[in-house]
Amino acid sequence: MDAAAPGPFPLRGIRVVVTAGGTREPIDPVRFLGNRSSGKMGNALAAACREAGAAVELITAALPPPAAPEVSVTQVETAAEMQRAVWTGLDRADVLLMAAAVADYRPRRVAAHKLKKSADELTLELVPTVDILESLREHPRRTRVLVVGFAAETDDLLANAADKLRRKGLDLIVLNDVGAPGVGMGSDDNAVTVLDPHGVVLTVQRSPKPEVARRLVGLVVERLARRHAV
Ligand code: CTP
């Protein structure tokens, strides 16, 4: 991994993979299970990393994909497709910012034809998707990548985020109170608390997502410099 460079482009020479948006798990050719993620936070992170001089790959499930100048955009639909793209991206990345809202379940069967309406009840059988971050423990380059997860929580915020950080083996986790007014999924603003394995390392009060993204990039720069120093 290169050190983060001082000056106006502190991420020059650094390769960052950012994931964004909510995955869509198909039910039939016209329907899917999805979530309210807009992709705005991930897009803002990709732009902020680019601004800081990084080479950025944005793996997005959001539709339409953003106009992201000088960012390489990979469009995916499902959790499984996102996992493949992230694994490939990590073959050459130094940083992963996993802002996507990945579905935890998918329909066991995908109907080949559009399901027809009937008077009967319909039960969808769901099976767990792969946990992309947990799966990265097996990635051959895992220890060379700074891995940042995002935790969307509505209660027991800090405890749940700390637990996720440990469970998923993350370097940092960005906690987002999606139940708070004005900063939930789809909002233009965000407010975050960032934890590392030792506790809270950064708090950003409610601000527009591009500003939150710049603060998070500042923390990434600091962490890369610290890694290089040891
Ligand atoms: N994530 C992932 N693979 C999944 C689900 C989530 O890699 N199948 C990642 C998200 O991109 C995020 C982090 O894990 O960076 C936490 O996501 P979150 O939805 O908050 O946590 P879950 O593990 O899904 O736990 P829960 O839904 O029970 O809160």
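**Exercise 1. Find where Glu 70 sits in the chain, and describe its backbone and that of Pro 64.**

Step 1. Glu 70 lies in the loop between β4 and β5. Strands (E, at least two residues) and helices (H or I, at least four residues) are DSSP runs, numbered from the N terminus. Before going on, note that this is a predicted model, in which local features need pLDDT of at least 70, side-chain atom pairs count only at pLDDT 80 or more, and totals for chains, interfaces and linings use all residues. Residues are numbered from 1 along each chain as its sequence is written, and side-chain values use heavy atoms, with hydrogens and water left out.

Step 2. Look at phi of Glu 70: it is near 65 degrees, a positive value in a residue other than glycine.

Step 3. Pro 64 belongs to the loop between β4 (55–60) and β5 (72–75). The peptide bond that runs from Leu 63 to Pro 64 is cis, and its omega is near -10 degrees.

**Exercise 2. Describe the shell of residues around the ligand.**

Step 1. How many residues surround the ligand? There are 16, and the closest are Met 98, Ala 100, Phe 150, Lys 164 and Lys 168. A residue counts as near a molecule if one of its heavy atoms lies within 4 Å of it.

Step 2. Sort the shell by class: 10 residues are nonpolar, two are polar and four are charged. Here Ala, Val, Leu, Ile, Met, Phe, Trp, Tyr, Cys and Pro count as nonpolar, Asp, Glu, Lys and Arg as charged, and the others, Gly among them, as polar.

Step 3. Now trace the elements. At least two shell residues come from each of α3 (132–135) and β9 (146–153), and β9 gives the largest share, four residues.

**Exercise 3. List backbone atoms that make polar contacts with the ligand, then say how much of the ligand is covered.**

Step 1. Recall that a polar contact is a pair of N or O atoms within 3.5 Å; within protein, one must be able to donate a hydrogen and the other to accept it, and residues adjacent in sequence count only if both atoms are side-chain atoms.

Step 2. Work through the distances to oxygen atoms of the ligand:
- a polar backbone atom of Met 98 is 2.8 Å from a ligand oxygen;
- for Leu 133, a backbone N or O atom lies 3.0 Å from a ligand oxygen;
- for Ala 152, the distance from a polar backbone atom is 3.3 Å.

Step 3. On its own the ligand has 570 Å² of accessible area, and the protein covers 79% of it. Accessible areas come from the Shrake-Rupley method with a 1.4 Å probe; for residues, only the protein chains shown count as cover.

**Exercise 4. Describe the largest pocket and the largest cavity.**

Step 1. Start with the terms. On a 1 Å grid over the protein atoms alone, a cavity is a set of points where a 1.4 Å probe fits but cannot get out, while a pocket is an open set with protein on both sides within 12 Å along at least five of seven lines; lining residues have an atom within 4 Å of a point. Grid points are joined across faces, edges and corners, and a volume is the space filled by probe spheres set on the points.

Step 2. The ligand takes up the space of the largest pocket; a molecule sits in a pocket if more than half of its atoms lie within 2 Å of its grid points. This pocket has a volume of about 820 Å³. Its lining has 39 residues, with Ala 100, Ala 101, Val 102, Phe 150 and Ala 152 the closest to its centre.

Step 3. The structure holds one cavity of 30 Å³ or more, and the largest cavity has about 60 Å³ of space. Its lining has 11 nonpolar residues, no polar and no charged. With four residues, α5 gives the most to this lining.
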